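Trainee: I am new to this one. Can we go through the terms and test each against its value?
Mentor: Gladly. Ask as we go.

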Amino acid sequence: MLENGGKMDDTVRAVANPTHARWEANAEYWVKIIREGRDRYRTELTDRAVLDAIGPCEGLRILDAGCGEGYLARRLASLGADVVGIDASEGLIDAAQSVPAGHSGSVSFTCASVEAMPAADEVFDLVVCNHLLSHLQDPAHAIHEFGRVLRPGGRLVMLTLHPCFYTENSEHGAMTSVPASKYFAARGIDQHFLVDGLESPSMITSWLRPLEYYSATLRDAGFVITDLREPHPTAEQLRSDPWWRESFPAALFILMIAERR
Ligand SMILES: C[S@@+](CC[C@H](N)C(=O)[O-])C[C@H]1O[C@@H](n2cnc3c(N)ncnc32)[C@H](O)[C@@H]1O
């Protein structure tokens, strides 16, 4: 599946990524957040939405693009998929590789940029980007790469921050609107992660682009958008848990599904 025959290749470690150093500095923090299940947006909302969008995946060849420490790749492998995780952070890939295999499908991890992947053309049935796009200043290169490595008819599932409503500190209850002058430009928000009271060592820039950017970029890369969802808490979550009422002041996430023509 990968150009080197599917083996993890430690020589593929030269990653040209402006946020690379920041993610390297945050790697240990991120492993803790994910492995201790501290990010309630994921554990109670977006993971379910992504798995639901992927659907049955036994036997599928899946690329987890920007896989982080690998929890989603492992989950998909446990459902019978053959998964390759790619991430630019050496620290996160080392953490992903340190978890012993034990799945019905297969899983492997490679350190590389999603903008220039060491993978052959048309080898995947599905590419999933779980909370990746907002970490790319211009996702057009990556989206073209996803079009290259997906087979015709293959699907791209992308979960990211909602470009219409996400603003600085939305997670902490801030509700401000996005003026047109900012919405139609690339918006970069610099902030530390603050998850369950734990702050990340390094600041991260979250990039947001208007919806028309995504539709045009996907079209130019040979995709047709087949579904668009906005994962949000259930009425029961909002009624029974004040955390959701405070921490979901606006639509924070968007999930796009596109098919490679
Ligand atoms: C918010 S984390 C999400 C990680 C994982 N998908 C998850 O949900 O836990 C964003 C990830 O994108 C990775 N990343 C950022 N730019 C990248 C690039 N150009 N190529 C590959 N990975 C990249 C970071 O290293 C980081 O692991």
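**Putting values against definitions**

Mentor: Start with helix α2, residues 40-54, in this predicted model. At 1.5 Å a residue, its 15 residues should span 21 Å, and its end C-alpha atoms lie 20 Å apart, so the two values agree.

Trainee: Where is the kink in α2 centred, and how many degrees is it?
Mentor: The kink is centred on Thr46 and is about 45 degrees.

Trainee: What lies at the start of α2, and what comes just after α2?
Mentor: At the start, a side-chain oxygen of Asp39 comes within 3.1 Å of the backbone nitrogen of Tyr41. The cut-off for a polar contact is 3.5 Å, so this pair fits. Just after α2, Gly55 has a positive phi of about 75 degrees.

Trainee: Which residues of α2 are buried?
Mentor: Among them are Tyr41, Leu45, Thr46, Val50 and Ile54. Ile54 also belongs to the largest nonpolar core, which has 48 residues. Ile54 is listed there with Ile62, Leu76, Val128, Val157, Phe253 and Leu255 as touching the most other members.

Trainee: What does Phe253 touch?
Mentor: Leaving out residues up to four places away in sequence, its contacts include Tyr41, Leu45 and Thr46. They also include His131, Leu159, Arg229 and Phe248.
Mentor: There is a second, separate core of 31 residues, including Leu63, Ile86, Ala142 and Ala258.

Trainee: What makes helix α3 mostly covered?
Mentor: Helix α3 spans residues 71-78, and six of its eight residues are buried. They are Tyr71, Leu72, Ala73, Arg74, Leu76 and Ala77. Just after α3, Gly80 has a positive phi of about 105 degrees.

Trainee: How many disulfides does the structure hold?
Mentor: Zero. Take Cys67: the nearest cysteine sulfur belongs to Cys111 and is 9.1 Å away. A disulfide needs sulfur atoms within 2.5 Å, so Cys67 is in none.

Trainee: Why is Cys164 not bonded to Cys129?
Mentor: The sulfur of Cys129 is the closest cysteine sulfur to that of Cys164, yet it is 19 Å away, which is too far for a bond.

Trainee: Why is Cys67 called buried, and Cys164 partly exposed?
Mentor: Cys67 has 6% relative accessibility. Buried means under 20%, so Cys67 counts as buried. Cys164 has 22%, which lies between 20% and 50%, so Cys164 counts as partly exposed.

Trainee: Why is Thr167 called buried?
Mentor: Its relative accessible area is 7%, under the 20% cut-off, so the word fits. Thr167 lies in the loop between β5 (150-161) and α6 (180-183). Not counting residues up to four places away in sequence, Thr167 touches Ala174, Thr176, Val178, Arg187 and Ile189.

Trainee: Where is Asn169, and why is it called partly exposed?
Mentor: Asn169 is in the loop between β5 and α6. Its relative accessibility is 36%, between 20% and 50%, so the label holds. Phi of Asn169 is near 65 degrees, a positive value in a residue other than glycine.

Trainee: What is phi of Glu122, and where does Glu122 lie?
Mentor: Glu122 has a positive phi of about 55 degrees, although it is not a glycine. Glu122 lies in the loop between β3 (106-111) and β4 (124-130). With a relative accessible area of 40%, Glu122 is partly exposed.

Trainee: How far apart are Gly37 and Asp196, in sequence and in space?
Mentor: They are 159 residues apart in sequence and 9.8 Å apart in space, C-alpha to C-alpha. Gly37 is in the loop between α1 (20-35) and α2. At 35% relative accessibility, Gly37 counts as partly exposed.

Notes:
Residues are numbered from 1 along each chain as its sequence is written. This is a predicted model: local features need pLDDT of at least 70, side-chain atom pairs count only at pLDDT 80 or more; totals for chains, interfaces and linings use all residues. Side-chain values use heavy atoms; hydrogens and water are left out. Helices (H or I, at least four residues) and strands (E, at least two) are DSSP runs, numbered from the N terminus. The expected span of a helix is 1.5 Å times one less than its number of residues. The bend at a residue is the angle between axes fitted to the seven residues ending there and the seven starting there. Buried means under 20% relative accessible area, exposed over 50%, partly exposed in between (1.4 Å probe, protein chains only). A polar contact is a pair of N or O atoms within 3.5 Å; within protein, one must be able to donate a hydrogen and the other to accept it, and residues adjacent in sequence count only if both atoms are side-chain atoms. A nonpolar core is a set of buried Ala, Val, Leu, Ile, Met, Phe, Trp, Tyr and Cys residues joined through side-chain atoms within 4.5 Å. Contact means heavy atoms within 4.5 Å.
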